[in-house]
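Here is a short note for a colleague who has not yet looked at this structure. The points below are numbered and can be read beside the model.

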Amino acid sequence: MEIQRDELAAGDGDPFKGDPNFMASLARGLEVIQAFTPQRRQLSISQISQKTGIPRAAVRRCLYTLGKLGFVYAEDGKYYQLRPRILSLGHAYLASTPLAKSTQPVLKHLSEMLNESCSIATLDGDDILYIARASSSRIMTIDLDIGSRLPAWSTSMGRVLLSYLPEEQLNDFLGRITMIRYTPQTVDSVSKLREELKRVRQQGYALNDQELEMGLRSIAVPLVNPDGAVVAALNVGVHAGQVSAQELLTRVLPKLQTAAEELSLLLK
């Protein structure tokens, strides 16, 4: 007897259609969880339904179940948000990965030496995923920690990682992203972004000057494993009012590159 797939991924192009082992309800629950982002921390049932394509009735059941398990709540009964328990799904893994464990001491030393916040991230889908962080102060309105995600195209670490993608993968990425003008300085077209990524690849670093948030400057370099593959990116974030773009290049970048070389020796 064929098990009918539900609306989650319905259609002729559904790779799981007809797979009796695929648990659509679990997939729906994960889609609902991933609908929440640092930019959209509170979402209604209708908003989640629109974002995921999952019918509202199914979204409601997912949220009810997640709420009973302590992963989400809606203080006003309408707008849901994630609860801290959601961190248990990924924090233990992220904190225990060889890359995160081996790099944390070097990252902490770099942060203390510069008195600035330093982070390491990998590319995960269309986002960067923070896997290690040493923070000297809060410089963004969005709290960042291990497990945080940001759009790759608009961040210094993301641009480093994107610049080293094979051409076909990069073209696929550029063809599907939606670019948002976060600030007046945000790169606002795919053609401009492509040129910026070429420049990042050539110079070996990415400088983001208040494109994601006014008042935030960051500079990032690649982390390369012994096989020559870029596996992560390392960055330093600063207050734009305290550190100029030129100072990032002259004072911070050399120390960032030295730390990246040291970290690369730890990668396997």
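1. E112 and K108 both belong to helix α5 (residues 98-114); because they are four residues apart, about one helical turn separates them. Their side chains form a salt bridge, with an N to O distance of 2.5 Å. E112 is exposed, at 51% relative accessibility, and K108 is partly exposed, at 46%. The model is a predicted one, and the distance of 2.5 Å is computed from it.

2. Helix α8 holds further pairs of this kind. K198 and E195 are three residues apart in α8, so about one helical turn lies between them. Their side chains meet in a salt bridge at 3.7 Å, N to O. K198 is partly exposed, with 44% relative accessibility, and E195 is likewise partly exposed, with a relative accessible area of 43%.

3. E196 and R199 are also three residues apart in helix α8, again separated by about one helical turn. In their salt bridge the closest N and O atoms are 2.6 Å apart. Is E196 buried or exposed? E196 counts as buried, because its relative accessibility is 11% and the cut-off for buried is under 20%. R199 is partly exposed, at 42%. Elsewhere, D124, D127 and R149 are joined into one network by salt bridges that share partners. A search of the whole structure gives 12 salt bridges. As a general remark, side chains of opposite charge can pair when their charged atoms come close.

4. For the overall picture, the protein chain has nine helices and eight strands. Of its 268 residues, 45% are buried. The accessible surface is about 14500 Å², and carbon and sulfur atoms account for 52% of that surface. Among contacts between residues at least 6 apart in sequence, 55% join residues at least 24 apart.

5. Six strands make up an open sheet with antiparallel pairing, in the order β5-β4-β3-β8-β7-β6. Which strands stand at the edges? They are β5 (149-151) and β6 (206-209); each has a single partner strand, so one side of each has no neighbour in the sheet. From one strand to the next, the twist averages 30 degrees. In general, strands of a sheet pair through backbone hydrogen bonds, either parallel or antiparallel.

6. Strand β8 (residues 230-239) pairs with strand β7 (residues 216-224) in the antiparallel sense, over nine bridges. Among the bridge partners, V221 is matched with L234 in β8, and L216 is matched with H239 in β8. The hairpin of β7 and β8 has five residues between the strands, and G228 in this hairpin takes a positive phi near 90 degrees.

7. β8 also pairs with β3, in the antiparallel sense and over five bridges. Here A121 stands opposite A233 in β8. How much of β8 is buried? Seven of its 10 residues are, so β8 is largely enclosed by the rest of the structure.

8. The sheet is again the topic here: its six strands run in the order β5-β4-β3-β8-β7-β6. Helix α9 (residues 245-264) packs on this sheet and touches β3 (117-124), β6, β7 and β8. The direction of α9 makes about 25 degrees with that of β7.

9. T183 sits in the loop between α7 (167-176) and α8 (190-203). Although in a loop, T183 counts as buried because its relative accessibility is 5%. Which residues does T183 touch, leaving aside those up to four places away in sequence? They are Q210, E211, L212, E213 and M214.

10. The last point concerns the surface. M23, L26 and L30 make a nonpolar surface patch of about 300 Å². L30 lies in helix α1 (residues 24-35). With a relative accessible area of 43%, L30 is partly exposed; a residue needs over 30% to be part of such a patch, so L30 meets that cut-off.

Terms used. Residues numbered from 1 in each chain as written. Predicted model: local features only at pLDDT ≥ 70, side-chain atom pairs only at ≥ 80, totals over all residues. Heavy atoms only, no water. Patch = residues over 30% accessible without salt bridge, like charges linked within 9 Å, V, L, I, M, F, W, Y side chains within 5 Å. Areas by Shrake-Rupley, 256 points an atom, 1.4 Å probe, with all protein chains shown as cover. Salt bridge = Lys/Arg side-chain N within 4 Å of Asp/Glu carboxyl O. Helix = DSSP H or I, 4+ residues; strand = E, 2+ residues; numbered from the N terminus. Buried < 20%, exposed > 50% of the residue type's maximum accessible area, 1.4 Å probe, protein only. Pairing = 2+ DSSP bridges. Axes fitted to C-alpha atoms, helices over the stretch in contact; angles between N-to-C directions. Contact = heavy atoms within 4.5 Å.
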